[in-house]
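Here is a short report on strands and a surface patch. Look at the model first, then read on.

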Amino acid sequence: VVSGSSMYSTLWNGDWLLVTGSVFYKEPQAGDIVVASKDSFNSGEPIIKRVIATEGQTVDIDFLNGVVYVDGEVIEEPYIYEPTHVDEGFEGPVTVPEGCVFVMGDNRNESNDSRSPDIGFIDEKEIFGKVLWVLFPTDGNGGYNWDRFGTVR
């Protein structure tokens, strides 16, 4: 179940998700939405974020213009709620270490993610799985919005 607004408008607070476990999900790809846990953040509570870059890729962010770069190229992000203006302590460019990913929430200015030193890179071993479906999509008022049922992008 989604808790919080860091992935809005892709995922809403209270949405129930179908997640494939780490047994079947081995190689994170840019664009995947994953569930992970970092002991250094929020006592290891699970977080849901989008993979922005994988091992060996370089990430930089232009906070003035709200643009994210991977390997020097602006990435297309039709899923974000608003451009990225909050830095959370990020100092780039950074290169993603082997076996890790760089993640961000779709609601960039309301998300604690890899920009924060408390989270940083996510080791692939810390990923529980990939989000496949929104099974019970909320409407924000205690009900369901079935127009949002289905796969996530």
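Strand 4 (residues 58–62) and strand 5 (residues 67–70) run antiparallel, joined by four bridges. Strands are DSSP runs of E, at least two residues long, numbered from the N terminus. Two strands pair if DSSP finds at least two bridges between them. Ile61 has Val68 in strand 5 as its bridge partner.

This is a predicted model: local features need pLDDT of at least 70, side-chain atom pairs count only at pLDDT 80 or more, and totals for chains, interfaces and linings use all residues. Residues are numbered from 1 along each chain as its sequence is written, and side-chain values use heavy atoms, without hydrogens and water.

Strands 4 and 5 belong to an open sheet of four strands, in the order 6-5-4-7, with antiparallel pairing. Its edge strands, strand 6 (73–74) and strand 7 (94–95), each pair on one side only.

Now turn to strand 10. Its antiparallel partners are listed here.

| Partner of strand 10 | Bridges | Bridge pair |
|---|---|---|
| Strand 1 | six bridges | Leu18 and Trp133 |
| Strand 2 (residues 33–36) | three bridges | Val34 and Lys130 |
| Strand 11 (residues 150–151) | two bridges | Gly150 and Val134 |

Strand 10 also gives three residues to a nonpolar surface patch, the largest share. The patch includes Trp16, Leu18 and Leu132, and has about 920 Å² of accessible area together. Patch residues have over 30% relative accessible area and no salt bridge, and nonpolar side chains are joined within 5 Å. A salt bridge puts a side-chain nitrogen of Lys or Arg within 4 Å of a carboxyl oxygen of Asp or Glu. Areas come from the Shrake-Rupley method with a 1.4 Å probe.

Leu132 lies in strand 10. Leu132 is partly exposed (between 20% and 50%), at a relative accessible area of 32%.

Note on methods. Patches are made of residues with over 30% relative accessible area and no salt bridge: like charges are joined within 9 Å, nonpolar side chains (Val, Leu, Ile, Met, Phe, Trp, Tyr) within 5 Å. Buried means under 20% relative accessible area, exposed over 50%, partly exposed in between (1.4 Å probe, protein chains only).
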